[in-house]
Amino acid sequence: MPRLSTTPIALRILAKMGCVADITERRVMKRLTKDWLGFGDIIAVPPKGVGVLVLQVTSMTNVSSRVNKILANEHVSQVLRAENWVEVWGLNSEGSIKPRSIVLDSDGNLECKARSDFIYYVYGKDSFDEKI
């Protein structure tokens with residue numbers, strides 16, 4: 001069985017959580033993709049409440065580089081002020097998640113937390129542990 005890339009794995013996890021989600025990155029050249037606002041691969045609507053998750057998915061080993069890319073992005077603060085979530089999920093083929101939440105601190109500066117605020121909000125636990 002071929003290995004799935006991180007995007008379909010994330011979509012399966014989000015569906016199991018009851019979210020409506022879709023891919024937002026688009027191919028601009030044969031081997032080049034462009035993320036939504038420069039950092040979103042997937043947008044997911046939770047099954048309750050308000051706001052959406054703007055999700056960057058990657059391999060477990062690339063989480064820190066994706067977090068740094070998001071922290072440097074000019075649009076992230078506005079997305080967060082509009083009561084949305086911005087996260088990076090490092091994924092492997094078994095569906096294990098290495099999550100990072102990008103949040104605004106009390107001074108309005110971006111910071112990274114080593115957890116998923118979105119998973120906790122939707123799923124009620126710190127981690128998603130169902131089989132995909």
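**Cysteines**

Start with the disulfides: this predicted model has zero of them, where a disulfide is a pair of cysteine sulfur atoms within 2.5 Å. In general, a disulfide is a covalent bond between the sulfur atoms of two cysteines. Select Cys-19. Cys-19 is buried, at 9% relative accessibility. Now select Cys-112. Cys-112 is partly exposed, with a relative accessible area of 34%. Buried means under 20% relative accessible area, exposed over 50%, and partly exposed in between, using a 1.4 Å probe and protein chains only.

Two notes before moving on. Residues are numbered from 1 along each chain as its sequence is written, and side-chain values use heavy atoms, without hydrogens or water. Local features need pLDDT of at least 70 and side-chain atom pairs count only at pLDDT 80 or more, while totals for chains, interfaces and linings use all residues.

**Strands 6, 7 and 8**

Select strand 7, residues 97-104. Six of its eight residues are buried, so strand 7 is largely enclosed by the rest of the structure. Strands (E, at least two residues) and helices (H or I, at least four residues) are DSSP runs, numbered from the N terminus.

Add strand 6, residues 85-91. Strand 6 and strand 7 run antiparallel, joined by six bridges; two strands pair if DSSP finds at least two bridges between them. Find Leu-91, whose bridge partner in strand 7 is Ile-97. The hairpin of these two strands has five residues between them, and there Gly-95 takes a positive phi near 90°.

Next add strand 8, residues 110-113. Strand 8 pairs with strand 7 in the antiparallel sense, over four bridges. Leu-104 stands opposite Leu-110 in strand 8. In this hairpin, again with five residues between the strands, look at Gly-108: its phi is positive, near 85°.

**The aromatic rings**

Show the side chains of Trp-85, Phe-118 and Tyr-121, which ring pairs link into a cluster. The whole structure holds three aromatic pairs. Rings of Phe, Tyr and Trp (its six-membered ring) pair if their centres lie within 6.5 Å; planes under 30 degrees apart are stacked, over 60 edge-to-face, and the rest tilted.

Zoom in on Trp-85 and Phe-118. Their rings are edge-to-face, 5.0 Å centre to centre, with 80° between the planes. Trp-85 lies in strand 6 and Phe-118 in helix 4 (residues 117-123), so the pair ties together parts that are 33 residues apart in sequence. Trp-85 is buried at 16% relative accessibility, and Phe-118 is buried at 0%.

Now pick Lys-48. Its charged end sits over the ring of Tyr-121, 4.9 Å from the centre. The rule asks for NZ of Lys or CZ of Arg within 6 Å of the ring centre and within 35 degrees of the ring normal.

**Asn-73**

Finish in the loop between helix 2 (63-71) and helix 3 (76-81), where Asn-73 is found. Asn-73 is buried, with a relative accessible area of 14%.

Which backbone nitrogen does the side chain of Asn-73 reach? That of His-75, at 2.7 Å. A polar atom of the Asn-73 side chain also lies 2.9 Å from the backbone oxygen of Leu-37. Then show the neighbours: Asn-73 touches Leu-37, Gly-38 and Phe-39, not counting residues up to four places away in sequence. Contact means heavy atoms within 4.5 Å.

Methods:
Polar contact = N/O pair within 3.5 Å; in protein donor to acceptor, adjacent residues only side chain to side chain.
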